[in-house]
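User: Please go through this model with me, one question at a time. I would like the reasoning to precede each value or name.

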Amino acid sequence: MSIINPLTRLSSAIRSIIYQLHIKAKRVLLFLPHAIHRHRGISSTVRRCIEKETGKEFAAKIIDLGAAETGDSNHMLEATRQEIQILRQVMGHKFIIELQDVFESDAFIFLVFELCRQGELFDYLTSVVTLSEKKSRYIMRQIFEGVDYIHSKNIVHRDLKPENILLDDNLNVKITDFGFARVLKEGEKLYDLCGTPGYLAPETLKCNMFEDAPGYSKEVDIWACGVIMFTLLVGCPPFWHRKQMVMLRNIMEGKYSFTSPEWADISEDPKDLIRKCLVVDPSKRITVTEALKHPFFNTVLRKQSQFNARKKFQFAILCVRAMIRIKRLRYTPEPLRVEDALRDPYRVKVLRKVIDGCAFRVYGHWVKKGEGQNRAALFENTPRCEVYNLYINSLNR
């Protein structure tokens, strides 16, 4: 008995139902052979497609209902229809993925989205290692505005993470993947455990650990935004650990720190916003509206003063001197003693960026996505004191 590859079956089935789409749909889509990325294992794939009449490109998420068992197939069908309903409710916002059309057959469901050529925020972050405060502010403002719009529709996303945030040609974010999203009634609480471990809020974990857990609501998305912001600034999530039980314990206790060398060059405002997002008690956690009003997103405008010729002349002199110094910077490298570089090279920002960049180029294939995400493993540079002490003791014998 020969075994048919499910992806091969999916590709051949696409050709067989093109004629049905030609009859049922107002427009015909030409599916290109290379997948953009895959979701839910082998049950779905995302492909780039072209509208034949206009030549416009889209992304089509193809869900294979026949890849699951009978009961799972019905559940997947209902879950997909619920996701479509939520996508239609949040349509129209510039920072949320736009659902263009839906085609459905007996074996497949096609969700046609706008095409985001820059791919996932996760992949972009992997290529640049870390983002500056300015770029982080630009991206996080868009994420918070998108989440604010989602919450205004009484919807909770429940799976916010860099893998579920796409970037368009102008590096504007598009929140996507509403598979775990739910519409909440007034005062309703949720109790099921879903999402990605590193981005789960403490109240979500409690629902799986305690029978009398109070449940959770929209606040879990704020927690996930705090984790995303932490990751953008330093390249690794705040609670990650090789042992998942330790990571979950850190989440429950809200145990994280800003002591790594990467935080030395980051100002206090982003740290303060992260602290207010990663509060264990959801009732004390900052809201989306409050987050958008945080000083991190607001620049202070200087008051206009009366014209003063002397001060203007002094300011012009300072500007000229500053420009001369900036012009000479390329010829005057920052002084660095060899002893300092040998003792702690990771402390120096320039060397740290070089080390991280080389690590990602050499070991980038180690980085995984989803539940087994291990991106933070590339940032573990803590010396193993126990092994070092054993080595010193053996020399002294």
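User: What positive phi does G254 take, just after helix 7?
Analyst: This is a predicted model, in which local features need pLDDT of at least 70 and side-chain atom pairs count only at pLDDT 80 or more, while totals for chains, interfaces and linings use all residues. Residues are numbered from 1 along each chain as its sequence is written, and side-chain values use heavy atoms, with hydrogens and water left out. Helices (H or I, at least four residues) and strands (E, at least two) are DSSP runs, numbered from the N terminus. Just after helix 7, G254 has a positive phi of about 60 degrees.

User: Against which helices do the buried residues of helix 7 pack?
Analyst: Buried means under 20% relative accessible area, exposed over 50%, and partly exposed in between (1.4 Å probe, protein chains only). In helix 7, the residues M247, L248, N250, I251 and M252 are buried. These buried residues pack against helix 5 (202-209) and helix 6.

User: How many aromatic pairs does a search of the whole structure find?
Analyst: Rings of Phe, Tyr and Trp (its six-membered ring) pair if their centres lie within 6.5 Å; planes under 30 degrees apart count as stacked, over 60 as edge-to-face and the rest as tilted. Searching the whole structure yields a number of aromatic pairs equal to 10.

User: Are the rings of W223 and F239 stacked or edge-to-face?
Analyst: The planes of W223 and F239 stand at 10 degrees and the ring centres are 5.4 Å apart, so the pair is stacked. W223 lies in helix 6 (residues 219-234) and F239 in the loop between helix 6 and helix 7 (244-253), 16 residues apart. W223 is buried at a relative accessible area of 0%, and F239 is buried at 1%. The arrangement of this pair is therefore stacked.

User: How many residues apart in sequence are the parts that F239 and Y256 tie together?
Analyst: F239 and Y256 form an edge-to-face pair, with 5.8 Å centre to centre and 80 degrees between the planes. F239 is in the loop between helix 6 and helix 7, and Y256 is in the loop between helix 7 and helix 8 (268-277), so the separation of the parts tied together is 17 residues.

User: Which residues do ring pairs link into a cluster?
Analyst: W223, F239 and Y256 belong to this cluster. Its full membership is W223, F230, F239, Y256, F258 and W263.

User: Over the ring of which residue does the charged end of R137 sit?
Analyst: A charge sits over a ring if NZ of Lys or CZ of Arg is within 6 Å of the ring centre and within 35 degrees of the ring normal. The charged end of R137 is 4.8 Å from the centre of the ring it covers, that of F296.

User: Which residues does A107 touch, not counting residues up to four places away in sequence?
Analyst: A107 is in the loop between strand 4 (99-104) and strand 5 (108-114) and is partly exposed, with a relative accessible area of 26%. The C-alpha atoms of A107 and G66 are separated by 5.6 Å, although these residues are 41 residues apart along the chain. With contact meaning heavy atoms within 4.5 Å, and with residues up to four places away left out, A107 touches I63, D64, L65 and G66.

User: Is L329 buried or exposed?
Analyst: L329 is found in helix 10 (residues 309-329). Its relative accessible area is 53%, which means that L329 is exposed.
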